[in-house]
Amino acid sequence: MFSVSAGYKTAIEESGRITKTTIVYDDVTITSEDVLSYFKYSHELPMDSVSGYVGKFPTAKVNYRIIAKQPGYDFVSANRSIIVTASLKVGLAFEDVLLGSFIVTNEVIDKAKDEIMIEALDSSILFDKKYALTPTFPMTVKDWVLAICAEVGVVLGSTSWLNSTLVLNAEPMVEGSY
């Protein structure tokens, strides 16, 4: 759930609402002027295809069609991480909502139209990997979670939480691993 003002909640319901978006990566900012279309939605991998995976939760997805102003745009091969913001005109100003960090998973370049179409999934997609850890126990919950994060390439946001120091004498049951 995004935190927005009461004015935003009213403006989003209006039929003539004005929106814009921004994509940022490295030192490049792509603004609405260069975005031909965009769409954000959530999806979930089919449950039968993720048994034994580290993560099984819905991920957000964005699709963008942008003007290829820079021939150097290279999203997929660089495993590009983008930051996406959506903005809505509320009164006389725009109110920004950070949609999050996304990883570009597909890129189609249409040189004839000078357009690039990208599809990106939020960072939770990194957890959609087979659980393949073989840790040595005993270890703390924190150490186990850090090992999982290292396996999937995610930096843990906090190393202190309730029960993080609890000692595990054996591996907790991970669905599909037994």
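These legends walk through several close-up views of the predicted model shown above.

Residue numbers start from 1 along each chain as its sequence is written, and side-chain values use heavy atoms, with hydrogens and water left out. Because this is a predicted model, local features need pLDDT of at least 70 and side-chain atom pairs count only at pLDDT 80 or more, while totals for chains, interfaces and linings use all residues.

**View 1. The whole protein, with its 2 helices and 9 strands.** Helices (H or I, at least four residues) and strands (E, at least two) are DSSP runs, numbered from the N terminus. Followed along the sequence, the elements come in the order α-β-β-β-β-β-β-β-β-α-β. Of the 178 residues, 33% are buried; buried means under 20% relative accessible area, exposed over 50%, and partly exposed in between (1.4 Å probe, protein chains only).

**View 2. Strand β1 and its two partners, β5 and β2.** Two strands pair if DSSP finds at least two bridges between them. Strand β1 (residues 19–25) pairs with β5 in the antiparallel sense over 6 bridges, and Thr21 sits opposite Ala86 in β5. With strand β2 (residues 28–31), β1 runs antiparallel and shares 4 bridges; here Thr22 faces Thr31. A hairpin links β1 and β2 with 2 residues between them, and Asp26 in the turn has a positive phi of about 45 degrees.

**View 3. Thr85 in strand β5 (residues 81–90).** Thr85 counts as buried because its relative accessible area is 18%. Contact means heavy atoms within 4.5 Å. Setting aside neighbours within four places in sequence, Thr85 is in contact with Lys20, Thr21 and Thr22, and also with Asp96, Val97, Leu98 and Leu99.

**View 4. The largest nonpolar core, with 22 residues.** Such a core is a set of buried Ala, Val, Leu, Ile, Met, Phe, Trp, Tyr and Cys residues joined through side-chain atoms within 4.5 Å. Ile30, Tyr64, Ile66, Ile82, Val84 and Phe102 touch the most other members. The elements giving two or more residues to this core are α1 (6–11), β1, β2, β4 (59–67), β5, β6 (93–110) and β7 (115–122). A second, separate core has 11 residues, among them Phe137, Met139, Val141 and Cys149.

**View 5. Phe39 in strand β3 (residues 35–43).** Phe39 and Asn63 are 24 residues apart along the chain, yet their C-alpha atoms are separated by 5.3 Å. Not counting neighbours within four places in sequence, Phe39 is in contact with Lys61, Val62 and Asn63.
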